[in-house]
Amino acid sequence: MVQVPTQFDVLVMPNLYGDILSDLCAGLVGGLGVTPSGKIGANGAAIFESVHGTAPDIVGLDLANQTAMLLSTIMMLRHISLHDYRNKIRTACLDTIRDKKVLTEDLRGKSKLYLLSCAKNAVLMSRYCSYSSFSTDLRSYLAMLA
Amino acid sequence: MAAHSAVLSVSKIINPFWGGRLGNTVKVFGTTLTSHRNKTQLTGENIPPPAKYGGRHTVTLIPGDGIGPELLNHVREVFRFSCVPVDFEVVHVNSALETEEDINNAITAIRRNGVALKGNIETKHTMPPSVKSRNNLLRTSLDLYANVMHCQSLPGVQTRHQNIDIMIIRENTEGEYSSLEHENVPGVVESLKIITRNNSLRIAEYAFRLAREKGRRRVTAVHKANIMKLGDGLFLQCCREVASGYPDITFDSMIVDNTTMQLVSKPQQFDVMVMPNLYGNVVSNVCAGLVGGPGLVPGANYGRDYAVFETATRNTGKSIAEKNIANPTAMLLAGCMMLDHLKLHDYASSIRNAVFTTMNENRLHTADLGGQGTTSEVVQSVMRIIQSKGQLTAEL
């Protein structure tokens, strides 16, 4: 996993090994700020949450990376078969990270929380919204802030 | 420790009845009996093993399976070439047999010689559950309670992270490897993980003493005490108790899942790590992967009276056996660790330097490091470097 992680596709394992390996893989892909998870029960009950802890030291400072929570929401949307919404949000989210212009501290960026979400919305709106002038205003506002 | 306290208690019983004379005899007997034990308590200061005749040590060699035999042959070749005063007593262990006769022979040989160098013995999954792992049997019978692994970044090996220098001390005899499982209800298996106060104190004591000897500043205990509150909780408590006796060394603890994440993102923060058996297995393999792979890191198993040296990640390497592509570095460095243990430091440093020169300066790498070299080429290069340093050697 540390030498050639790309050889793996799907891994299934008991509880303890899963705990260890999931955190190891999270470390490989960028940390707990970008790792979503879902807990699926036998009767269809499911809980989707990010794997990171409560991080009390950065509460209220606008430093948290909400990608993990957003990706977990995307997993939930897929679980409840809202594929359209899921695809839109997912593309917006991944594009924002791929652009690398608006990233939080744990991904070695300098932006704060609200800017990241705004950036994502901007990408979303610019693609799917007919009110394109609104999204242009938003982007120029972001450029001013950044 | 146990023998010492047993003799003391015996002398306490006898003294009141017999007064001074017999009590004194018991005390004298007690001192002679326990002095050998006390000397071997210290880490790395074990008295030289007794199998030394005519200035030559005898060491048990267990070839094992897969790449073990060929790598150990190379080690013997290098030792013969460097005129190292070590004779090997080869004991074969057939992993396909269900009887424990082979491994018992090996254990007796190690008891006789005190030191062993071994390859990994395969544990086939197709064998019935009553057939225990031979490696595990060896470790528990000889009470090799500490598995020590030193992971260091080598300048000649390209890895994602540099400047790694971690010592991992893994409890080797209990924990999840106690081989205690039962199935009272069909389809429901219960596995026992054994954590004892004595063994946890022992391994923590070993870790702190080793840290002090090597001048290390920080010891990290790896655990999962938030879930296994009694088992890992006991381990952590024992580590804390021992830590209080070493105020010059910083002690902290980390949960195993966080540890693996930190290892793949910031491995330079770790110094010495101590942990129970299963976490040791996982963490040591992760660290070996971080510094370049299983072909580079040697490992040692220390007990009170015996020491067994092998590769750190204990791979059999069946798929690359007899293809001349295995990396001999780990086994050669394990041989050097063994020579240090036998106090043959000059030979150890000359072979170790030759291996590092081959690895770092000549950049002669085998396939696992992305190079084109074969095992024999690497070994020949090591021997040539040893010869060029001007020491007494045999014919190339």
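Student: Helices are DSSP runs of H or I with at least four residues, strands are runs of E with at least two, and both are numbered from the N terminus. What phi does A:Lys100 take just after helix 3 of chain A?

Tutor: A positive one, about 65 degrees. This is a predicted model, where local features need pLDDT of at least 70, side-chain atom pairs count only at pLDDT 80 or more, and totals for chains, interfaces and linings use all residues. Residues are numbered from 1 along each chain as its sequence is written, chains are lettered from A and ligands numbered from 1 in the order written, and side-chain values use heavy atoms, without hydrogens or water.

Student: And which residues are buried in helix 3 of chain A?

Tutor: A:Arg86, A:Ala92, A:Cys93, A:Asp95 and A:Thr96 are buried there (under 20% relative accessible area, with a 1.4 Å probe and protein chains only).

Student: How far apart are the end C-alpha atoms of that helix?

Tutor: They are 24 Å apart, which agrees with the 24 Å that its 17 residues (83–99) should span at 1.5 Å a residue (1.5 Å times one less than the number of residues).

Student: Switching to chain B, how many helices and strands are there?

Tutor: Chain B has 11 helices and 13 strands, and 53% of its 396 residues count as buried.

Student: At what angle do helix 2 and helix 11 of chain B pack?

Tutor: Helix 2 (residues 68–81) and helix 11 (residues 375–388) of chain B pack at about 15 degrees, with axes 10 Å apart (axes are fitted to C-alpha atoms over the stretch in contact, and angles run from 0 to 180 degrees between N-to-C directions). That makes the two helices of chain B roughly parallel (under 35 degrees).

Student: Which residues meet there?

Tutor: From helix 2 of chain B, they include B:Leu71, B:His74 and B:Phe81, and from helix 11 of chain B, B:Val379, B:Met383 and B:Ile386 are among them (contact means heavy atoms within 4.5 Å). The residues of this contact divide into six nonpolar, five polar and two charged.

Student: What about helix 2 and helix 9 of chain B, at what angle do they pack?

Tutor: Helix 2 and helix 9 (residues 329–341) of chain B pack at about 50 degrees, with axes 9 Å apart. That makes helix 2 of chain B oblique to helix 9 of chain B (outside under 35, 65 to 115 and over 145 degrees).

Student: Which residues make the contact?

Tutor: B:Leu71, B:Leu72, B:Val75, B:Val78 and B:Phe79 of helix 2 of chain B, with B:Met331, B:Leu332, B:Gly335, B:Met338 and B:Leu339 of helix 9 of chain B. They divide into nine nonpolar, one polar and no charged (Ala, Val, Leu, Ile, Met, Phe, Trp, Tyr, Cys and Pro count as nonpolar, Asp, Glu, Lys and Arg as charged, the others as polar).

Conventions: Buried means under 20% relative accessible area, exposed over 50%, partly exposed in between (1.4 Å probe, protein chains only).
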